[in-house]
Amino acid sequence: MTGKGKGQGTQARTGSFEHALVLETARVTEGAALAASRWVGMGDKNAVDGAGTEAMRELLNSLDIRGRVVIGEGEMDEAPMLYIGEELGQGQYEVDIAVDPVEGTSVTAKGLPNGLAVIALSERGGLMHAPDCYMDKLVVPPPAAGRVNLDWPVEANLSVLAQSLERDVEDLLVTILDRERHADLIRRVRQAGARVKLIGDGDVVASLAVGVRGTGVHALMGSGGAPEGVLSAAAMKCLGAEIQGRFIAEDDAMRERFVSMGVDEHKIYKTDELAPGSQIVFSATGITYGELLSGVRRFGGGARTHTLVMGYASRVVRFIDTVHLEDDGARVTIRV
Ligand SMILES: O=P(O)(O)OC[C@H]1O[C@](O)(COP(=O)(O)O)[C@@H](O)[C@@H]1O
Ligand SMILES: [Mn+2]
Ligand SMILES: [Mn+2]
C-alpha cells in the first residue's frame, strides 16, 4: 500500500513473513528464557548459556523458516549450537537470524537484574554480518534520532539530546557499561552535568530502555559487543530510535577480519546499515527482573514470562505477558 491512503502510518509496509512469524518468534525467546531461568542465581554461566541456546535452537528449528544464523554464539569450530552459518528450519520463509540466547549471562548466573533472551529475524541480507568485536555505541530515543553524531564530542551530543527531549542536560540519565575503559567517558558525561547509570552487563536491554519512553533513561554510550549492536539496531529500527556504532579493531588479526568481511573500521554505521532489512522481527524475553521486562516468575505448576516483540514492516510493538502451564494436570490459579 502506498500514497496517503486512509490510515496511513498504521498500514503494514510489506509484512508477509512478519505477520506469520511475530508471535512465533516471541515463543522462541519465551522458551529460551524459561530454560535459562532454571539456572538463575546458580553461579554457573555455562549452564545458563547452554540451556538458553539449546531451547532456542530447538524452537527455531520448529518455525516455518529456512534460516541462516548471521549473528550467533561464535564460529562453527567454537560453538556447537547456533553458530554463525548454521542453517535452521525447513519451512518456507528465507530469513537471516541474529541471536543472543542469554544476553547478560553473568548477571543471570548471579541472579541479578536484566538477563534476557534475544532474537532478530529479517529477510536475507537484512541484518549486518558483524564481526565478534567491540563496538563504540551511541543510542538515542526517537526525538533525537538523526540529530546526534558519534564523532562529535560527548558534550555536544548531550546538548542536542537535551534539546530534543525539551529538558536540561542535568535532567538526562545516560547508561554506560561499568568498565575501566569507560572511565574518561563517565567523567565527561558527569562533568557536562548529565547523570550516569552504570550497569554491570546487558547493553541490549539498556538500548531497549532508551528506545521506549518512560523508562527514565535517555541514552546509551560507550563500547559493548558488536553482535549486540546489530541486535539493538533491529530493535531501534522497530521503535524509531537510533543507534550509531563504530567497530573497534583491537589488533591486526581483527583488522584483517574486518577487511575480509568488508567492515570499515573508521565508518559510523547507522541503524539502517546495521539492520537494513525491510522486514524485521525482534523479540526479547526477560530472564531475570528488569525495569523494562519482568523476569521469568516460576510458581508451582508453571511460570510466567514477559516479552517485547516487534515487527518493523507490520508496525507492531507488543508487550506479551504469558502464563505457561505445565501439562501434569496441576490446578493453577492464574492471577492478573
Ligand atoms: O563485558 P564486556 O567485555 O565489556 O562486553 C560487553 C558485552 O557483554 C554483555 O554485557 C553481556 O553479553 P553476554 O552475556 O551475551 O556475554 C553485553 O551486553 C555487552 O555488549
Ligand atoms: Mn550478549
Ligand atoms: Mn550471550
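How far is an oxygen atom of ligand 1 from a polar backbone atom of Gly104? The separation is 2.8 Å, which fits the cut-off for a polar contact, a pair of N or O atoms within 3.5 Å. Before we go on, note that this is a predicted model, where local features need pLDDT of at least 70, side-chain atom pairs count only at pLDDT 80 or more, and totals for chains, interfaces and linings use all residues. Residues are numbered from 1 along each chain as written, chains are lettered from A and ligands numbered from 1 in the order written, and side-chain values use heavy atoms, without hydrogens or water.

Let's look at two further contacts. A backbone N or O atom of Asp203 is 2.8 Å from an oxygen atom of ligand 1, and the side chain of Asp100 places an N or O atom 3.2 Å from a ligand oxygen. The protein covers 76% of the 480 Å² of accessible area that ligand 1 has on its own (Shrake-Rupley, 1.4 Å probe).

Now step back to the shell. Around ligand 1 there are 15 residues, with Glu103, Thr105, Tyr134, Arg179 and Asp201 the closest; a residue counts if one of its heavy atoms lies within 4 Å. The shell takes at least three residues from each of domain 1 (17–124 + 280–325) and domain 2 (134–274), with bounds from an automatic or database domain assignment.

Conventions:
A polar contact is a pair of N or O atoms within 3.5 Å; within protein, one must be able to donate a hydrogen and the other to accept it, and residues adjacent in sequence count only if both atoms are side-chain atoms.
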